[in-house]
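Trainee: Before we go through this model, could you help me see how each descriptive word is earned from a computed value?
Mentor: Gladly; ask about each term in turn, and we will set the value beside its cut-off.

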Amino acid sequence: MTDALAAEWLKLRTSRAAWYCLIAAAAMLPVAAMIAWTASQAWDALPPDERTGSISPLTQLASWGMTLALGVMGALSVSREYSSGMVRTTFAAMPSRGRVLAAKAAVCGAVAPVTALAVLVSVWGATRMVLGDREMEGVPGALSQEWEPIAAMAAEAAMFTLLGLGVAALTRSAVASVAVLGTLWYPVPMMAQFLPEPWNERVGSVLPGGLAAQIASPGPTGGSVYGDLLPPWGAALTMVVWALVPLLAAWPLLRVRDA
Amino acid sequence: MSGPPPAAGLRPRADPEVRPLLRCPGRPARDTLAAVIEVDELTKRYGRTTAVDRLSFRAEPGAVTGFLGPNGAGKSTTMRALLGLDRPDGGRAHVLGGPYTRFRYPLRRVGALLDAGALDPGRSPRAHLHWLARSNRIPRAKADQALEWAGIAGAADRRAGGLSLGMRQRLGVAAALMGDPEVLVLDEPVNGLDPDGVRWMRELLRAQAADGRTVLLSSHLMGEVSQTADRLVVVARGGLVADTSVRALVEGSEGVLVRSPRPGDLARVLAGRGAGVEPGADGALTVTGMDVREVGEAAASAGIPLHGSAPVGISLEEAYMRLTADAGEAAR
């Protein structure tokens with residue numbers, strides 16, 4: 001297993017597609033910093049006695065963008081092997097396909113939360129630095145108060161990556177896996193809120209994008225399209241299900257299918 | 001899973017100057033009688049198409065076995081089955097006495113080049129060989145050495161997608177050989193190579209076989225294989241057409257060129273006696289499976305005059321075309 005892990009780690013490190021996804025994830029930092037700066041300018045332009053207002057948690061915004069980028073990274077790590085035919089080279093070198101899939105999942109499932117953690121802590125720091133002591137609602141507190149939501153969002157990043165990877169292993173197609181991922185990421189939660197009561201809340205609570213906030217929320221969640229019915233442990237469990245079910249479904253298929 | 005066999009590739013070499021990947025002085029003598037590649041009644045279907053139909057052949061060590069057949073004959077499918085990539089619907093394809101998938105570090109036992117394009121176009125050749133080497137515990141130095149020796153060190157850090165087909169073939173060969181395997185399985189390796197590359201490949205494969213290794217080399221062109229291979233396994237439409245030595249095929253490819261004022265009648269008579277008859281452009285017939293004397297006697301006994309007859313050699317290419325064309329007709 002160490003050999004497969006090391007090989008997949010080398011592959012990820014030398015994959016341009018993966019780097020593009022990681023760069024896209026990291027790009028959430030300047031985006032968040034810019035929003036914070038714009039807010040600070042607007043705040044400062046107000047006369048001191050009219051300065052009220054809030055800023056939505058920028059770590060959450062950054063996490064939202066990152067989940068897609070890192071999910072695509074997971075999807076491409078498998079589907080690009082199929083589209084280029086390299087999967088044959090891979091399976092000829094490592095005939096134990098389950099081991100290859102596990103190694104890919106382990107590598108991507110580790111790189112994604114580490115990246116997310118680094119970006120989120122940077123976003124937290126940048127927001128604090130830019131907004132500083134302005135008494136705006138939603139300015140993040142000390143890391144000792146904020147680490148729980150940040151950790152939950154890092155876990156969410158790992159979940160999306162493994163979800164993308166699993167769907168790609170099932171479909172063997174970059175287009176199909178990215179489409180599934182993108183649909184779960186945006187249109188499905190948008191549509192779920194229009195389901196009849198109480199199903200909008202129920203479905204919204206188990207969708208992948210709303211789980212981190214149910215484990216630990218960085219701030220007011222008013223107006224979220226997601227539901228809020230799960231206890232933290234339930235949300236964490238649902239995360240594990242989203243991450244592992246496609247992978248476990250792909251496992252037996254991978255073994256019997258022609259490469 | 002049982003542990004890997006001791007890897008010959010990791011043994012220090014007595015003389016690293018002697019093109020390391022070509023020679024292997026430390027390799028223990030193997031049982032040269034055992035068939036290293038054993039395809040037995042192999043059948044593979046894709047939907048309704050039968051790509052390989054009860055194909056059986058063997059490839060032995062110390063020889064280059066040419067695996068020959070027109071496009072779509074089932075060569076690549078057979079090779080994929082041999083490497084455990086495709087699951088056979090019947091029969092088996094074994095390497096070194098068992099299925100390929102049992103190897104933990106297969107690149108050190110069997111080197112394969114199936115599709116030179118089967119790599120991430122965004123990754124450099126060096127990175128490609130490095131991950132392959134790492135997956136099979138082959139020292140990284142061997143991968144770098146293989147790049148040098150395959151003549152692609154100059155392009156080793158460029159994008160693989162920008163390489164010419166010939167360069168990618170060389171990269172594929174480097175990948176196949178860096179683990180110092182005792183078996184080589186190469187699918188159309190000379191595609192895209194320039195004349196220098198073709199000669200390089202031919203000499204390389206000859207040297208590998210001379211070293212006691214087993215080489216299975218597929219091609220759809222007789223010309224590519226006849227100068228390299230010792231044995232020929234010819235397939236068409238998924239089935240075996242001939243399993244022969246190159247020499248036997250040459251010797252069996254003598255024919256008789258015969259002219260007659262009644263070529264149609266003569267052709268019927270000769271075909272009735274089991275000969276192969278092919279009409280030429282100028283009314284002459286090319287007859288196979290009979291010598292000049294037999295043709296003359298057959299014509300005389302049927303009362304057909306001959307204006308001339310002479311033995312002719314048929315090119316291997318032509319013999320091959322006939323073999324595969326016959327298989328095509330039989331299947332129709």
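Trainee: At what angle do the axes of α1(A) and helix α2 of chain B cross?
Mentor: Bearing in mind that this is a predicted model, the axes of α1(A) and α2(B), the latter covering residues 125–135, cross at roughly 170° and come within 8 Å of each other.

Trainee: What makes this pair roughly antiparallel?
Mentor: Angles over 145 degrees count as roughly antiparallel, and the crossing here is roughly 170°; α1(A) and α2(B) are therefore roughly antiparallel to each other. On the α1(A) side the contact is made by Asp3(A), Ala4(A), Ala6(A), Ala7(A), Leu10(A) and Lys11(A), and on the α2(B) side by His130(B), Trp131(B), Arg134(B) and Ser135(B). Sorted by class, this helix contact has 5 nonpolar, 2 polar and 3 charged residues.

Trainee: How many residues of each chain are in contact across the whole interface?
Mentor: Counting two residues as in contact when their C-beta atoms lie within 7 Å, 24 residues of chain A meet 28 residues of chain B. On the chain A side, the elements that give two or more residues are α1 (2–13), α2 (16–26), α4 (58–84) and α5 (86–93). That side of chain A has 13 nonpolar, 5 polar and 6 charged residues.

Trainee: Why is chain A called as compact as a globular protein of its length?
Mentor: Its radius of gyration is 20 Å, and the globule rule gives 18 Å for 259 residues; the two values are close, so chain A is as compact as a globular protein of that length. In secondary structure, chain A has 12 helices and 0 strands, and along the principal axes its C-alpha atoms fill a box of roughly 70 × 45 × 30 Å.

Trainee: Turning to chain B, how is it divided into domains?
Mentor: The assignment gives domain 1 (8–245) and domain 2 (254–313), and the centres of these two domains of chain B, taken over C-alpha atoms, are separated by 44 Å.

Trainee: What makes the sheet with the order β5-β6-β7-β3-β8-β9 in chain B open, and which strands stand at its edges?
Mentor: The 6 strands form an open sheet with mixed pairing. β5 (110–113) and β9 (239–245) of chain B each have a single partner strand, so one side of each is left without a neighbour in the sheet. Neighbouring strands are turned by 15° against each other on average, direction ignored.

Trainee: How do you know that the pairing in this sheet is mixed?
Mentor: Two of its pairs show both senses. β3 (63–68) and β7 (214–219) of chain B pair in the parallel sense over 6 bridges, with Phe67(B) standing opposite Ser218(B) in β7(B). In contrast, β8 (231–236) and β9 of chain B run antiparallel and are joined by 6 bridges, and there Leu232(B) has Thr244(B) in β9(B) as its bridge partner. Pairing asks for at least two bridges, a condition met by the 6 bridges of β3(B) with β7(B) and by the 6 bridges of β8(B) with β9(B).

Trainee: What links β8(B) and β9(B)?
Mentor: They form a hairpin with 2 residues between them, and Arg237(B) in the turn has a positive phi of about 50°.

Trainee: What is the order of the sheet of 4 strands in chain B, and what packs on it?
Mentor: The order is β11-β12-β10-β13, in an open sheet with antiparallel pairing; the edge strands, β11 (276–279) and β13 (308–313) of chain B, each pair on one side only. The helix α8 (263–272) of chain B packs on this sheet and touches β11 and β12 of chain B, its direction making about 160° with that of β11(B). The helix α9 (292–302) of chain B also packs on the sheet, touching β10 (254–259), β12 and β13 of chain B.

Trainee: What makes the peptide bond before Pro198(A) worth a remark, and where is Pro198(A)?
Mentor: Most peptide bonds are trans. The bond from Glu197(A) to Pro198(A) is cis, with omega near -5°, and Pro198(A) is placed in the loop between α9 (187–192) and α10 (199–206) of chain A.

Note on methods. Residues numbered from 1 in each chain as written. Chains lettered and ligands numbered in written order. Predicted model: local features only at pLDDT ≥ 70, side-chain atom pairs only at ≥ 80, totals over all residues. Nonpolar A, V, L, I, M, F, W, Y, C, P; charged D, E, K, R; others polar. Axes fitted to C-alpha atoms, helices over the stretch in contact; angles between N-to-C directions. Parallel < 35°, antiparallel > 145°, perpendicular 65-115°, else oblique. Domains from an automatic or database assignment. Rg over C-alpha atoms; globule rule 2.2 N^0.38 Å.
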